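I set aside some time today to go through one model and write down what I looked up. My notes are below the structure.

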Amino acid sequence: MPRRPELDALRGLLLVLMTLTHLPTRLNAYSSQPFGFVSAAEGFVFLSAFLVGGSHAKSWDTPVRLWASLRRRALKVYAHHVGLLLFAFTVIGTMGWLANRPAIRNLLDFYHQEPLTALLSSLVLLYCPPLLDILPLYVVLLFLTPFVLLAAREAGWAKVLCLSGLVWFWAQLGLKRTLYTWLGDLTWLPVKIDQSGAFDLFAWQFLWVLGVWTGSQRARTKAPQGRASSVLLGGAWVVSLLFLLARYEVEPFVLLTSLPVLLDKWTLAPLRLVNFLALAVLADRGSPRVYHWLKPRVLVLLGSASLPVFSVHLVLCLLSLALINENEAPLDSLEELAVLVVTFASMLLVAVRHRRRTALTG
């Protein structure tokens, strides 16, 4: 599938929102869910899956090539994850302990209590500290993708989507906690469920499978046009507007939030999923037009180097938590500006370096 700059720009925008959410500034109150009950994480996971599905839509006829390609990608993501873990456990953990930073001590609480167990279990993706729990999700989903594509080739996408949907539904009923309890009764688990990462793999796999399916279908056939797509677009506008009004507590739409369990991020709860799918329809239709209008080259640059840029944003976020004790007093405007400038300048430098390296090796 040829590279689409509007998708890189969209991925760059999601990286910016994610960074603003993770940094200890006042802007995170506005960046976490600006368009409804959807965060940058949902968009990033779905878009990554869409690109994976589109890139490997024709590879399922050669399973060896498919396995090799996705295994290389998963190992690359895993290598970034291990690097971030070692940085967090050594540099950030030491700085947070010596400087008595509550945010860091809470972030790495299990590591400070049982360092060897935490290190070993983190390498096998059982222990996932906050902020360091999304790349393990990617690793597992990338390793599962060949099974998804080959199953779709043999049984059809309808059966694959139904099975994935059933697992997502079971996740809403507590599948992860049930499995942890069951495994805990059978054997010794080095970490508790609360230390295994906030993202529920059994729920988020459904969003990934939807993205892989959409990407592979888009790569094989043209997007449908006509009356049906117009009706779908109108419905997406209505749903997105309803959730947006509820998100900003406009009466009477705030009634949508009366059951928080239906909007839970970590289990990708039903209403959150509906909200995301509506926004995805709007983004699919509108992103090419917005891109050609704005030409956001900086966002394209960030999005085209998403993995190294994501990794460096986590490094800067962890450093900001270790260096600045925002728990005692909020950052003043100058400190917030310094944190933002240093973080985004570093992300841009990494993106530029990645583009130059890609140009040399490509």
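These entries cover surface patches, a few single residues and some backbone details.

**Before starting.** I am working from a predicted model. I keep that in mind for every value below.

**Entry 1, positive patch.** I looked for positive charge on the surface. I found a positive patch formed by Arg73, Lys76, Arg353 and Arg357. I then asked which helices supply at least two residues each to the positive patch. They are helix H4, residues 63-98, and helix H16, residues 333-361. I checked one member, Arg73, which lies in helix H4. Its relative accessible area is 34%, so I note Arg73 as partly exposed.

**Entry 2, nonpolar patch.** Next I looked for nonpolar surface. Leu116, Leu120, Leu123 and Val124 make a nonpolar patch of about 370 Å². I placed Leu123 in helix H7, which runs over residues 115-123. Leu123 counts as partly exposed because its relative accessibility is 30%, and the partly exposed class lies between under 20% and over 50%.

**Entry 3, the loop after H7.** I went on to Leu125, in the loop between H7 and helix H8 (134-155). Its phi is near 70°. I flagged Leu125 since that value is positive and the residue is not a glycine.

**Entry 4, the loop between H12 and H13.** Two residues here went into the notebook. Glu249 sits in the loop between H12 and H13. Its phi is positive, about 60°, although Glu249 is not a glycine. Is Glu249 buried or exposed? Glu249 counts as exposed, because its relative accessibility is 62%. Pro252 is also in the loop that links helix H12 (227-247) and helix H13 (270-294). I checked the peptide bond between Glu251 and Pro252 and found it cis, with omega about -5°.

**Entry 5, Trp188.** I wanted to know where Trp188 is placed. I found Trp188 in the loop between helix H10 (175-186) and helix H11 (201-220). With 65% relative accessibility, Trp188 counts as exposed. I also took a distance to Ala338, which is 150 residues from Trp188 along the chain. The C-alpha atoms of the two residues are separated by 46 Å.

**Entry 6, Ser304.** Last, I looked at Ser304, in helix H14 (residues 297-304). Why does Ser304 count as buried? Its relative accessibility is 18%, and buried means under 20%. I then checked the side chain of Ser304 and found one of its polar atoms 2.9 Å from the backbone oxygen of Leu301.

Definitions and conventions
Residues numbered from 1 in each chain as written. Predicted model: local features only at pLDDT ≥ 70, side-chain atom pairs only at ≥ 80, totals over all residues. Heavy atoms only, no water. Patch = residues over 30% accessible without salt bridge, like charges linked within 9 Å, V, L, I, M, F, W, Y side chains within 5 Å. Areas by Shrake-Rupley, 256 points an atom, 1.4 Å probe, with all protein chains shown as cover. Salt bridge = Lys/Arg side-chain N within 4 Å of Asp/Glu carboxyl O. Lys, Arg positive; Asp, Glu negative; His and termini not counted. Charge placed at Lys NZ, Arg CZ, Asp CG, Glu CD. Buried < 20%, exposed > 50% of the residue type's maximum accessible area, 1.4 Å probe, protein only. Polar contact = N/O pair within 3.5 Å; in protein donor to acceptor, adjacent residues only side chain to side chain.
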